[in-house]
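Biologist: Please put the model up. I have some questions about it.

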Amino acid sequence: MPHENPTQIETLSFQQALLGWYDRYGRKNLPWKLETTPYKVWVSETMLQQTQVNTVIPYFFRFMQRFPTLESLSAANQDQVLQHWSGLGYYARARNLHRSARLIADHHAGEMPATLEQLTALPGIGRSTAGAILSLGYGKCAAILDGNVKRILSRYVNLEGWPGTAANQRLLWAISERLTPEKQAGDYNQALMDIGATVCTRTHPDCNACPLQSACTAHQLQCTDRVPASKPGSSIPVRKSWMLILRNNGDDNAFYLEKRPGAGLWGGLWVFPCFDSEADMLTWCRQRRIDISQLELLPEQRHTFTHFRLDYTPAIAWTSSLDGVQETSGCWLKAGEALAIPAPVSRLLTEITRR
DNA sequence: AACGCGGGGGG
DNA sequence: CCCCCAGCGTT
C-alpha cells in the first residue's frame with residue numbers, strides 16, 4: 001500500500017481536490033443541508049446509519065415536522081418517536097435518539113454538546129456520527145469514517161482485505177484523521193460522502209469524474225473493481241414462524257397486535273402474535289375460544305434480516321372478543337390508527353385490508 | 001473481536 | 001440469489 005503514509009504535500013493536495021470538487025458538484029440541497037443546525041445533522045446522521053439517502057429523505061421530513069426541535073423530541077414519549085421511525089429499521093437508533101434528547105435536556109441545558117467526548121458519551125452517537133455533528137453542524141475539525149469514506153480511502157491506499165477487520169478499521173481511522181483539514185472540515189467531509197455516493201460507487205465507479213483520480217492507488221493499478229474486498233461470506237440460519245392475523249367480528253378493519261419487549265428485535269414495536277409452530281398457534285387460539293375451523297392459512301412469506309431469515313406463515317382468524325385469558329400487552333388496531341409496526345406487519349395489513 | 005440489529009436497492 | 005448501505009451497542 002504505497003500511500004499508507006501520505007506526505008504533507010499529498011495530504012494538502014488531497015484536501016484541495018475535495019474542497020474544489022465540493023464547490024462545484026457537492027450536494028448542497030439535501031433536506032438536512034438547508035438551514036442546517038446541529039440537531040438536524042444529528043437526526044439525519046442517525047437515520048443515515050446503514051441506510052441510503054433516498055430511503056431516509058421522506059422519513060426525515062416527517063420526523064422534523066413532528067419533532068422540529070431538540071426540546072420537542074425530549075418532550076415526546078417513546079411510542080410517538082418509534083411511530084415516526086416505523087418502517088425505517090434498526091429501531092434502537094430511535095430509542096437511543098430519544099434517550100439522548102432527554103439526557104441533553106437534563107444534563108446539557110437543552111443544548112447539543114459540541115465536543116467529541118460529550119457526544120460519544122450519548123447513546124447512539126459513536127465516533128463517526130460525532131465527527132459528522134462536529135464538522136457539519138459546528139464547523140469544527142473532526143474526522144468521519146462511514147461506508148463512503150471507507151470505500152474511498154480503501155481505494156486511495158489500495159487496502160488489502162476486508163475494511164471491517166479490526167486492523168483495517170484502525171488503519172482507516174488513522175488515515176481519515178490525518179487527511180481531515182483543520183479548516184472547512186464540514187465541506188471536506190460532505191465532499192467525501194457525496195463522492196462516495198455518486199462517483200466512487202461500489203460497482204462501476206466513475207473514475208474520470210473523480211478529483212482523486214491521479215492520486216488513487218487502486219485506479220493506477222486498475223483494481224477498483226476488487227477494492228475494497230467484500231466481507232467474507234457466511235450462511236445465515238433460517239427460522240420458521242406463524243403469524244396470527246386476528247380480526248374482529250364486530251369491526252372487520254380491527255386487527256389484534258402485541259407490543260414487543262423494549263429491547264432486541266423490533267423492540268417496542270407492535271406485531272401480530274408470533275409462534276414457533278402451528279401447534280403453538282392453535283393452542284393459543286383454543287385457550288381464547290377462537291374458532292379454529294375457519295382458520296385461513298396464507299402462503300409462506302420470507303423476510304431477511306442481517307443475521308437470519310424468517311420464513312413465516314400468516315394465518316387469519318376471527319373472534320368477537322378475547323375472553324378466557326386476560327391480555328397484558330395486546331391491543332386492537334382500528335382503521336386509521338397509527339402504531340409503530342415493522343415492515344412485514346405493515347405489508348400484511350395492507351394486503352389484507354385491500355382484498 | 002464477534003455479534004445483534006431492518007429495510008431497501010442494485011447487480 | 002448476492003452484497004452493501006452517512007454505524008453503534010453489547011458481549
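**Strand contacts and a buried arginine**

Biologist: How far is the phosphate oxygen of DNA strand C from a polar backbone atom of Gly126?

Modeller: Keep in mind that this is a predicted model. The partner on Gly126 is a polar backbone atom. A polar contact needs N or O atoms within 3.5 Å. The phosphate oxygen of DNA strand C lies at 3.1 Å.

Biologist: Which part of Thr129 has an N or O atom 2.5 Å from a phosphate oxygen of DNA strand C?

Modeller: Thr129 is among the residues that come nearest to DNA strand C. Its N or O atom, 2.5 Å from a phosphate oxygen, belongs to the side chain.

Biologist: What share of the atoms of DNA strand C within 4 Å of the protein is sugar and phosphate?

Modeller: There are 29 residues around DNA strand C, with Leu48, Gln50, Gly124, Thr129 and Asn148 nearest. Of the strand atoms within 4 Å of the protein, sugar and phosphate make up 71%.

Biologist: How many residues of the surface near DNA strand C are charged?

Modeller: The surface near DNA strand C has 8 nonpolar residues and 12 polar ones. The charged residues there number 9.

Biologist: Which side chain of opposite charge is nearest to Arg155?

Modeller: Arg155 sits in helix α9 and is buried. A salt bridge requires a nitrogen–oxygen pair within 4 Å. Arg155 has none. At 7.6 Å, the nearest side chain of opposite charge is Asp225.

Biologist: Which residue's backbone oxygen does the side chain of Arg155 reach at 2.8 Å?

Modeller: Contacts of Arg155 beyond four places in sequence include Cys200, Thr201 and Arg202. The backbone oxygen reached at 2.8 Å is that of Thr201.

Conventions
Residues are numbered from 1 along each chain as its sequence is written. Chains are lettered from A and ligands numbered from 1 in the order in which they are written. This is a predicted model: local features need pLDDT of at least 70, side-chain atom pairs count only at pLDDT 80 or more; totals for chains, interfaces and linings use all residues. Side-chain values use heavy atoms; hydrogens and water are left out. A residue is near a molecule or strand if one of its heavy atoms lies within 4 Å of it. A polar contact is a pair of N or O atoms within 3.5 Å; within protein, one must be able to donate a hydrogen and the other to accept it, and residues adjacent in sequence count only if both atoms are side-chain atoms. Ala, Val, Leu, Ile, Met, Phe, Trp, Tyr, Cys and Pro count as nonpolar, Asp, Glu, Lys and Arg as charged, and the others, Gly among them, as polar. Helices (H or I, at least four residues) and strands (E, at least two) are DSSP runs, numbered from the N terminus. Buried means under 20% relative accessible area, exposed over 50%, partly exposed in between (1.4 Å probe, protein chains only). Lys and Arg count as positive and Asp and Glu as negative; His and the chain ends are not counted. Contact means heavy atoms within 4.5 Å.
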